[in-house]
Each structure stands twice: as structure tokens, then as C-alpha cells.
Amino acid sequence: MEWNAETLQFLSQCFLHTLSPNPEPRRRAESSLYEAADRPNYGLAVLRLVAEPSVDEQIRQCAAVNFKNHLRVRWATEVSREPNAVTLAPIPDPEKEQIKALIVPLMLSATPRIQSQLSEALSLIGKHDFPKKWPSLLPELVSSLRTASQSSDYVSISGILGTANSIFKKFRYQYKTNDLLLDLKYCLDNFAAPLLEIFLKTATLIDSVANSGGPAVATTLRPLIESQRLCCRIFYSLNFQELPEFFEDHMKEWMSEFKKYLTTRYPALEEGSGDGLAVVDDLRSAVCENISLYIEKNEEEFQGYLNDFALAVWSLLGTASASSGRDQLTINAIKFLTTVSTSVHHALFAADDVISQICQGIVIPNARLRDEDEELFEMNYVEFIRRDMEGSDLDTRRRIACELLKGIATNYKEKVTAIVSVQIQNMLGSCATNPAANWKDKDCAIYLVVSLATKKAGGTSVSTDLVNVENFYGSVIVPELKSQDVNGFPMLKASALKFFTMFRNQISKPMAIALVPDVARFLVSESNVVHSYAANCIEKLLLVREEGGIARYTSSDISPFLPVLISNLFNALKFPESEENQYVMKCIMRVLGVADITREVAGPCISELTNVLAEVCKNPKNPVFNHYLFEAVAILVRRACEKDASLISAFEGSLFPCLQTILVNDVTEFFPYAFQLLAQLVELNRPPIPPSYMQIFELLLSPDSWRKTANVPALVRLLQAFLQKAPHELNREGRLSQVLGIFERLVSSHTTDEQGFYVLNTVIENLGYEVITPYVGHIWATLFGRLQKNKTIKFVKSFLIFMSLFLVKHGSTNLMDSINAVQANIFLVILEQFWIPNLKLITGAIELKLTSVASTRLLCESPALLDPTSAKQWGKLLDSIVTLLSRPEQDRVEFELEVPDIGETMVYAATYVPLQNAGRKEEDPLKEIKDPKEFLVASLANLSAISPGRYPQSISENLDSANQAALLQLCGTYNLRIV
């Protein structure tokens, strides 16, 4: 795309029309730009348009956004592994060089809105090219910074510092490597001194302007403060990996200014209208992050400044934490004190009055509910729960205040416990005198107990020294949850439910179960948070285990109130904004997993669940809710039909319309779930399979059904169910040929080869040898072809398991003859190259038993191996069997993950999630053999009795000493001898 008047006109018109409120010209313009983006020099032309002063500012701003997005997708394009994905044409290298030459001066001369877009674009380039492919960038930024500094051009200074901040951010998040440290050294050598220079110059200007007075102080001060904030963020990036020598040498200059910003007020900005206070607080917040970094990573070098900073932060918190709009500053300031409290300088907090002041002046005011919390509770329950219940509120005032107390308690636990316990009792007393007015005191008391609880290692149990849990539960929590008004004081009810959930392991069964009917009443509270917490409480309670792993709560415990519980759960899903409430659906799933599922329970439940399913099929939005919905259906079907097989037809009648809707309307998100549920229903049926299923079987055999990788595991699961329940159907209309075609397709790709073996194993297991004989040669040819082209450890293990299954089902003679039919005497080659060396890699109890027994039978039954000329192979196979049976898994298997195909794996993971409650039961093909070790020794003893003296010699020549000793020990264990 050449830069001329015609190009300028074309691009200007296109960008103008993208701003049109009318969809038709907007779509045409977007389409024209999309096509033009493939042409060389498109990005350069758009950048030149941005630089053109004669073009309207709005069009240029739109072009700057387009330029940034163009760079995002085309500067460093990645080749997609998806078969139908479109690969965008990358920007040619000559064009890249021209863009890099133009962008810095253009960014510095642009208006603020355009400058911010170009700064982001520059950062995108820097992410890929800086510093190695763009060595001129940093010198150019430094030169521009000094020029702008001389004229005090703080618009340009902020643009340069913003760009530097973006490109230096990588030093915060990347692992420390030699390459990263070399890049960091380059940046420090070029930028550390200019950064300090502009920081100190700006500091002097701030002092001068702040002391000058006059009406323009705020206007002049603002860009200076913003510039210092950017300097602080760059300081953080450059110091994150380790303390650089330059910053250690100049620590005094930096720390003096940092302290000044924490202790100095700027009334012109802070007391004026607008966001002046926020601008100053952003700088203070950045300073707090910097000093937290130093106390955490450079404690020794920083200790001389620590006392002054601790006092400055403490004093700042006294005013900042009282204001609702100063959250980030408050959080970062408290984080600094928390870091100090766990450092070697914790003695700063040792005095009783200090801890008491922290508790009364910082912790309790920040732990109390604020207006913003109440608004979030009412207006956005999902976000409230995410912050409050799911532990993602680390950066909220409430949580970070409690983290400070925990930090101090690391060294002064008894003092903290004593002081906080008194405060908790005071707040409970305050609420008791006037519950309606002082309910927030009670809420704060409960919050402190919950937040300061200590989680026991490796489990869900928590403990606290602040209160006696059962006494607190009985006197504080039970009265709240016994309240008949389920809609009164909803935030306090939510806190009470949270306490019950948190301390569920500590509360005795009689006390807990007595309150569950009351908790169930809160499922119909109008508050989304309250009925979500009630559902979560019941769900977590049903998971509690006693010491021996036995469930504490069983079906008999919930049966007295089960109808009301189930009714209330489904009614909770009818409240506005809770139609897809994942906590409620998870609780339904858990209750159905514990309850006694009678016909009277099953009928209403399947009706309600299918109604919900029919609704979400119209527009699937919440994947977590949808998963628990399908799990609930699966567990209801499984547990009800196991108890009463006559319910299968009723479930089919309810579920088939929904499953049909999913398949007919192409609700692709639900395909894997639908196939898993169908597999479950097929498995629950007794032969003959109803005709309705055979239509699905025909759909299953269609190659189109298998095109999407994400559907494959669920389709294989369904195919396995059909092959097990209706193997005779495979003999009709060439279906076996179709099934083997599916196997061939799956086994050809390393992402689906394991699924291909599942299909093949099921065929071998369920069909007679006379049925599969015509196809066996083709099966071996397919597998050998894959072995030659692209064998992986996973494939070889699956291949070995398949051969073992073939042997135990159809005999060693059929196995060897069918393999040798492909190529004369190839079996012994397969044995030597694949079977013997990889047998030790087999994992899983059923797989280990299958392969060891098959190998033993091969060892003791195969004429080819029993021939004296094969004595070495015989000995090596036995050595591998003994290794498999005698050594622990970690000693014989190297757990080295094979690198997956990222493109396909991402799609797979995003779409296919196995249903735990519709899982396929693993069948043991050798139920008659209880102990594979005994089977080995007994088989060897019988074999050696036929030819005494022959096998001990072979054992001593071919087994390593450890395996000889292990075999001898096995003989002793089972009182058998190899003679």
C-alpha cells in the first residue's frame, strides 16, 4: 500500500465510517480495512495517517486504535494448529523497521489520547523486539527524555516514562534466567541514571510548585505527581529481580523522596474538586509497593530506613483507612506493615499498646462492612461471593487487615489472641444491646473469627484460639439461623452461614444436623448471596468425613427433611439472577449423591432437572453450572436405576427430548455431556437394547460425528457401551468395518490414539475370534504403520496392553500367528523391541495384572519361546515380568510428560469434561486370577517340573541379581520351587 493522497483519502473515509451509528456503512468500512490489512505497508500507512495534522482528531484517534490492534495480531504471528484456522499475514521486516523508526517521535508529539494508543503499540513491539531486535529504542527514549526534561515538557515525559514502564514490566513476571538478567543489565546501564535524574528534578519542581501558592498550583502539580508515579513503577520493575548496584549506591536519594510523599500533604490537589486526591494516593500507593519490595527482598540494606517508613505508613493509615475512596493506598500500606510484622524487625509490634492500636485503629475499622460492601451484596452477588467466600479477596480491605493481624500473630500469638478476643466480645455485647442498630458489630466479630482461623495442613479443617467454636456456634450462630425471617439482616445471615461452613468439621454431628433444616429454609431467602451460602453450607457439610474416611452424614440423617430440602433447592433456581446458580446446582448434585433415591424422589427431581436443562440448551452461559447440572442428572440416573431398574424407561422418556435437542440444534458445548449420559443409559439397559438407541448407534458410526477432537472421549465412551451391550449388532450391515474405521482414524493421531485403543480393546474383549478374523491382519498393519511413523511411550504402552488383552481373550497361538501373517517371524522382533523393554512402564492395577499374566502365559505356553534357540528372549521376558511385579512404580517408571499438541489440547480441555457420576466402571478381564505374582510362580513351577534343570540356568544367565533375589523371595512366599 503506497502512501499517497488516494491512500490518505481511502483510509480517512474508512475510519470515519467505522464511527457511523448506522450498521451498514460501518460493516462495509470494517470489511474494507480487514482486506487492506493483508497488503504490505498497511500498518505504515495507518501510522502516517495518525501523524497527518490535516486529518480530523477523531479519525486519527480511531486510526491509532486500529494501528495498535493491527500490531497486536500481525507483529509476531503464530501458526495455528487448528485445521481450519486462518493464519494472518505477518508484517514484513522492512515495514517493521520503518514503523520502529517513526513511532517514538510521533508518540511524543501526539495529543494525549493518541499518545496513549501509540505508547501501547510501542509496548507491543517492545514485547517481541526489545532489546535485541530494537537496540535503538532505549537510547532514543533516553535522548527524548533529556530533551523533554530541559523544556519541562511533562506531556512528553509522561509518554516516555509510560512506554518505559510498559517495556520494563517483564522484569516483574518472568523467571530469572541469564538472558533476562542480561536484558536487565542493559536497561539498568542505559536507564537507571536518567530515571534518577528526572525523578530528582521533578521532586524539586513539586516542592517549588507546592510552596508557591496561587490558583494554578493544582494544574501544574498534577502532571508532576503523575510523572513521579511512573518513576516509582519503573523503580519497582528494575529492582524486582535483585538489588542493582546503582540503586544501592543511590538509595538515600530515592528513600528520602519516597518518605516525603508519604508524609507530605498537597492541599491544592487533595482538597480540590475532581480526582486530585486519587492522583496523590496513586503515587503514595506506588511508594508503599516499593518499600514493601525492599523490606521483603533487600532487608539488610533497607533496615536503616525502616523505622521512619513504619511510622510514616502508620500515620498515613490513620487518615487514609478512614476514607472509603482510598482503597488501594490503604491495602498497599497495610501490606507493608504485614511484611514488616513477619520480618526480623517484628519487634516494632511487640508492645501491647501497639497491637491494641492496630486492632482498634486499623483492623476493625477495615474489617467492618462498608456501604460499598452492602451495595455489592445487593447488586452483584456473584462478585461478592467471589471476593468473600472463594478466597479471592486478598486485595480487599477486610482481608488484608486480617492478614496484618495474622502476620503479627506469627511472633506474638498470645497477645494478639487476647486482645482480639476482648474486641470480639465487646462487639457481640454492642450488638446485644441494640441488634437492629449494631448488627454490623456482630458481623465484624464473626468475620474476624472466620478470617483469622488457621487451616490445618493437608485438609479442610480449621481451628481458632479466639473463641470456643461450639460455644460460639451455639450462642452466636444458631440464634441467627433459627430466625424465622429468612429475609431479615441478610448480610448477617450470610456471615453466620459462612461460619457454619468454615467450622463444619469442629461442630458435633448432633448440633450440626439439628440446624440443617433451618439452613434449608434459607434456600428460599430472596437474597442471592444468602441462598447461595445456604446451598454451599449443606453441600460442604455432606462432604465431611470422620477420621477413618467414613462419611459423617448419611441418607438417614437427611431423610426426615429431604422433600423440603429438594423442593427449596429447586425453588432457589427460580429467583431472578439465580436461574444458573452454580452453588445451588452443586448442592443438588451432592444431595442426590447422599440421599436415599426412591421412586417418589426420582420423579420430581428428573422433571425439574430436565426443565432446567431444556432452558440452558437455549443459551449455555455458565459452564460451571452446566457441569454440575449434568453431574446431577448422571448421579440421579445411576443411583435410582441401580436401586430400581424399572425407572430406566421413565428416565429415557424425560431425557431423550433434551438430548435430541442438543444433537439436532447443534448445541456443541453439550455434545460430550450428551454422549456420556447416553452411554450411561445404554450400560444400565439389559439386552436387547431398545430400538431407539440403535438410531443413535448409526449416528455414532458416521465419520462426521468424530471430526471434532473434543467429542472423541465421550463418543468412545458411548461406542464402548454399545459394543459391550449389543456386540451381535456389529455383525450386521458392515458395522464392524465402520467401527474399525473409527479406530484407524483415532489411532493415526497422537492426540486421540489412546481413545482408538479403547475402541479396539472393547472390540477384542466382546467379539469372538471367528468374527474378527477377517479384520485382524488390517488391525496389525495399521498398528505397525503407526509404530514405524510416530511411536510415543504412550502409544507403545497402549499397544502392549492391547496385545496382552488379545492373548488372554484369544490365546497366544492366535496372537503370534496373526502377527506373523503380516510378516514372517515378525512376532519375535516385536517381542524383543517393544514388549520386553517396555513392560516395566505399565501402570494401573488392572493393566499391570493383565500384562503380567499375558506375559507369563506367553512365557510358559508359546512354542516359539520354549524352543531352546529362544532361551535368551525367554530369560529377558521373565526379567521384565519380575521387574514389573516386584519393584514399586516410582522405581521403574520415569514420569516424563510428553509434550501435547497445544492447539488441539486447548480445544479439548475447553470442551470435554468427564462426568464423574457417569464414569465407566473398569472391568477386570482376568477376574479368575487373584494374584499375578502367584500366577507367575505357579506357572514357572509347573513348567520347570516338565524339564527339570533347564530353567534355573536360564534364570541365572538372564535375570539381574536383584530380580533373581525377588523371584526367589516370591517362590518362598508361595511355597513353590523352580526345579
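The expected span of a helix is 1.5 Å times one less than its number of residues. Helices (H or I, at least four residues) are DSSP runs, numbered from the N terminus.

This is a predicted model: local features need pLDDT of at least 70, side-chain atom pairs count only at pLDDT 80 or more, and totals for chains, interfaces and linings use all residues. Residues are numbered from 1 along each chain as its sequence is written, and side-chain values use heavy atoms, without hydrogens or water.

**Exercise 1. Helix α47**

Compare the reach of helix α47 with its expected span, then describe its cap and its cover.

Step 1. Helix α47 covers residues 932-946, which is 15 residues. From first C-alpha to last, α47 reaches 22 Å, close to the 21 Å expected at 1.5 Å a residue.

Step 2. Look at the N-terminal end. Asp931 caps α47 there, with a side-chain oxygen 2.9 Å from the backbone nitrogen of Lys933.

Step 3. List the buried positions (buried means under 20% relative accessible area, exposed over 50%, partly exposed in between; 1.4 Å probe, protein chains only). In α47 they are Pro932, Leu936, Val937, Ser939, Leu940, Ala941, Leu943 and Ser944. An α-helix has 3.6 residues a turn, so residues three or four places apart point the same way.

Step 4. Find the cover. It includes α42 (845-861), α43 (863-866), α44 (871-886), α48 (950-958) and α49 (961-974).

**Exercise 2. Asp924, ahead of α47**

What does the side chain of Asp924 reach?

Step 1. Place the residue. Asp924 lies in the loop between α46 (902-911) and α47.

Step 2. Check for a polar contact (a pair of N or O atoms within 3.5 Å; within protein, one must be able to donate a hydrogen and the other to accept it, and residues adjacent in sequence count only if both atoms are side-chain atoms). The Asp924 side chain makes one with the side chain of Lys849, at 2.7 Å.

Step 3. Check the backbone too. The side chain of Asp924 reaches the backbone nitrogen of Leu926 at 2.8 Å.

Step 4. Check contacts (heavy atoms within 4.5 Å). Not counting residues up to four places away in sequence, Asp924 touches Ile846 and Lys849.

**Exercise 3. The largest nonpolar core**

Which residues touch the most other members of the largest nonpolar core?

Step 1. Define the set. A nonpolar core is a set of buried Ala, Val, Leu, Ile, Met, Phe, Trp, Tyr and Cys residues joined through side-chain atoms within 4.5 Å. In soluble globular proteins, nonpolar side chains tend to be buried together.

Step 2. Read off the core. It has 340 residues, and Phe168, Val591, Trp780, Leu783 and Trp835 touch the most other members.

Step 3. Take Val591. Leaving out residues up to four places away in sequence, Val591 touches Ile538, Leu542, Ile558, Leu562, Leu565, Ile566 and Leu569.

**Exercise 4. Aromatic pairs**

How many aromatic pairs does the whole structure hold, and which parts of the chain does the pair of Phe199 and Phe258 link?

Step 1. Set the rule. Rings of Phe, Tyr and Trp (its six-membered ring) pair if their centres lie within 6.5 Å; planes under 30 degrees apart count as stacked, over 60 as edge-to-face and the rest as tilted.

Step 2. Search the whole structure: 40 aromatic pairs turn up. One of them joins Phe199 and Phe258, edge-to-face, 6.0 Å centre to centre with 75° between the planes.

Step 3. Place both rings. Phe199 is in helix α10 (residues 178-212) and Phe258 in helix α13 (residues 251-263), so placed that the pair links distant parts of the chain, 59 residues apart. Phe199 and Phe258 are both buried.

Step 4. Widen the view. Phe199 and Phe258 belong to one aromatic cluster, with members including Trp254, Tyr261 and Phe302.

**Exercise 5. Backbone oddities**

Where are the cis peptide bond and the positive phi values of Asn41 and Asn825?

Step 1. The bond from Phe130 to Pro131 is cis, with omega near 0°. Pro131 is in the loop between α6 (112-129) and α7 (137-150).

Step 2. Asn41 has phi near 70°, a positive value in a residue other than glycine. Its loop runs between α2 (23-36) and α3 (42-51). Asn41 is partly exposed, at 26% relative accessible area.

Step 3. Asn825 is not a glycine either, yet has a positive phi of about 60°. It is in the loop between α40 (812-822) and α41 (826-838). Asn825 is exposed, at 60% relative accessible area.

Technical notes: Helix = DSSP H or I, 4+ residues; strand = E, 2+ residues; numbered from the N terminus.
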